Amino acid sequence: MKNIIIFGAPGSGKGTYSTEIAQRYGMGHISTGDVLRAEIKNGTELGKLAKGYIDNGQLIPDELMINILATTYDALPKGKGVIFDGFPRTIAQAEALKKMLEERGDNLGMMIELIVSEEVLMFRLLRRATQEGRADDNEETIRKRFAVYHSQTEPLSKWFAAEGIRHTFDWDICKTKEGMLEAIFAEIEKQNK
Ligand code: AMP
C-alpha cells in the first residue's frame, strides 16, 4: 500500500478516518497528537515540554517534532504502508518527511485532504470537549488552533498539490461519514492499482 498523509483542520476527522483506513487495509498509523498525549500522560520530559505548546494551541517546534516522527516511524513494521495523521503541519515538516522517506527507499504516497466548514469544525470540537475532555478543546484554544492552522498548515495544501499527490474530500459534498469513507476508499484503491 502507498503511504497516506491525512490532512485537514482541527476537527476535520483525521483521527477517525485514519483509524478506518488503517483497519481496512492493515496499514500502520502514526498520530503525532496521540504520541504527544501519551508522553504527557506518562509524565516524560518530552511530555512536560509538549504540554505547554498543546494547551496553548501552538505547534511543537519543527526540529523536535521531526525527530519524534522519525523515531515513531522507524519503530513500525514496514511493508504495509503508513498513515501519517497530524504530520506534517508545516512546510519544513513536509520537506523533512519527504527526505526521511526517500532516505529509506520509500515516498510520500498520497495525500488526503478533508475539507469541512469552520462552523462544523467548531461544533464537533466543542462536542468532543464534553465527550473526551481534551485540554485543548475549549473555545479559546480552538480559535488559536484554527489561526495556527490557517497561517502555518493550510499553505501545505498547495505544496502537496505541486507534488501531484493531493486528493480532496469535501464534507458538504459527501454529507456523512459513510459518504466520505466511500469516496476515500475508492480513491485509495484507484491509487494502488
Ligand atoms: P492533534 O491531536 O493532531 O490535533 O494534535 C494536538 C496538538 O499536538 C496540536 O495542537 C499541536 O500542539 C501538537 N501537534 C501534533 N502534531 C504536531 C505536529 N506535526 N507539529 C507540531 N505540533 C503538533
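**Close-up views of a predicted model**

**Figure 1. Lining of the largest pocket.** At least two lining residues of the largest pocket come from each of β1, α1 (14–25), β2 (28–31), α2 (32–41), α6 and α7. The model shown here, and in every figure below, is predicted. The volume of this largest pocket is about 1,100 Å³. Its lining consists of 46 residues, and those closest to the centre of the pocket are Pro-10, Gly-11, Lys-14, Arg-128 and Arg-134. Helix α6 contributes six residues, the largest share of the lining. Sorted by class, the lining of the largest pocket holds 16 nonpolar, 17 polar and 13 charged residues.

**Figure 2. The second largest pocket.** This pocket encloses about 180 Å³ of space. Its lining is made up of Arg-37, Ile-40, Lys-41, Lys-51, Ile-54, Asp-55, Gly-133, Arg-134, Ala-135 and Asp-136. Two helices, α2 and α3, each provide at least two of the lining residues. In the lining of the second largest pocket, six residues are charged, three are nonpolar and one is polar.

**Figure 3. The cavity.** How many cavities of 30 Å³ or more does a search of the whole structure find? The search finds one, and the space in this largest cavity is about 30 Å³. The residues that line the cavity are Ile-66, Leu-69, Phe-87, Ala-96, Leu-97 and Met-100. Both α4 (62–74) and α5 (91–103) supply at least two residues of this lining, and the largest share, three residues, is from α5. By class, six residues of the cavity lining are nonpolar, with no polar and no charged residues.

**Figure 4. The largest nonpolar core.** In soluble globular proteins, nonpolar side chains tend to be buried together. The largest nonpolar core of this model has 33 residues, of which Phe-84, Leu-97 and Phe-160 touch the most other members. Two or more residues of this core come from each of β1 (4–8), α3 (45–55), α4, β3 (82–85), α5, α6 (118–132), α7 (139–153) and α8 (156–163). Helix α4 gives the most, five residues. Apart from this core lies another one of 18 residues, including Ile-21, Met-27, Ile-184 and Phe-185.

**Figure 5. Contacts of Phe-84.** Which residues does Phe-84 touch, not counting those up to four places away in sequence? They are Asn-3, Ile-4, Ile-5, Ile-6, Ile-30, Leu-69, Tyr-73, Leu-97 and Leu-101. Of these, Leu-97 is also among the residues lining the largest cavity, as is Leu-69.

**Figure 6. Gly-13 in its loop.** Gly-13 sits in the loop between β1 and α1. Is Gly-13 buried or exposed? Gly-13 counts as buried because its relative accessibility is 16%, and the cut-off for buried is under 20%. Leaving aside neighbours within four places in sequence, Gly-13 makes contact with Leu-114 and Arg-124. Ser-151 is 138 residues from Gly-13 along the chain, and the C-alpha atoms of the two are separated by 20 Å.

**Figure 7. Two details of the backbone.** Most residues other than glycine have a negative phi, and most peptide bonds are trans. The peptide bond from Phe-87 to Pro-88 is cis, and its omega is near 0°. Pro-88 belongs to the loop between β3 and α5. Lys-175 is a residue other than glycine with a positive phi, near 75°. Lys-175 is in the loop between α9 (171–174) and α10 (177–191). With a relative accessible area of 58%, Lys-175 is exposed, since exposed means over 50%.

**Figure 8. The setting of the close-ups.** The protein has ten helices and five strands. Along the principal axes, its C-alpha atoms fill a box of roughly 45 × 40 × 30 Å. A compact globule of 193 residues would have a radius of gyration near 16 Å, so the 16 Å of this protein agrees with that value. Buried residues account for 45% of the 193 residues. Among contacts with a separation of 6 or more, 74% are between residues 24 or more positions apart.

Definitions and conventions. Residues numbered from 1 in each chain as written. Predicted model: local features only at pLDDT ≥ 70, side-chain atom pairs only at ≥ 80, totals over all residues. Heavy atoms only, no water. 1 Å grid on protein atoms, 1.4 Å probe; cavity = no way out; pocket = protein on both sides within 12 Å on 5 of 7 lines; lining within 4 Å. Points joined across faces, edges and corners; volume = space filled by probe spheres on them. Helix = DSSP H or I, 4+ residues; strand = E, 2+ residues; numbered from the N terminus. Nonpolar A, V, L, I, M, F, W, Y, C, P; charged D, E, K, R; others polar. Core = buried A, V, L, I, M, F, W, Y, C linked by side-chain atoms within 4.5 Å. Buried < 20%, exposed > 50% of the residue type's maximum accessible area, 1.4 Å probe, protein only. Contact = heavy atoms within 4.5 Å. Rg over C-alpha atoms; globule rule 2.2 N^0.38 Å.
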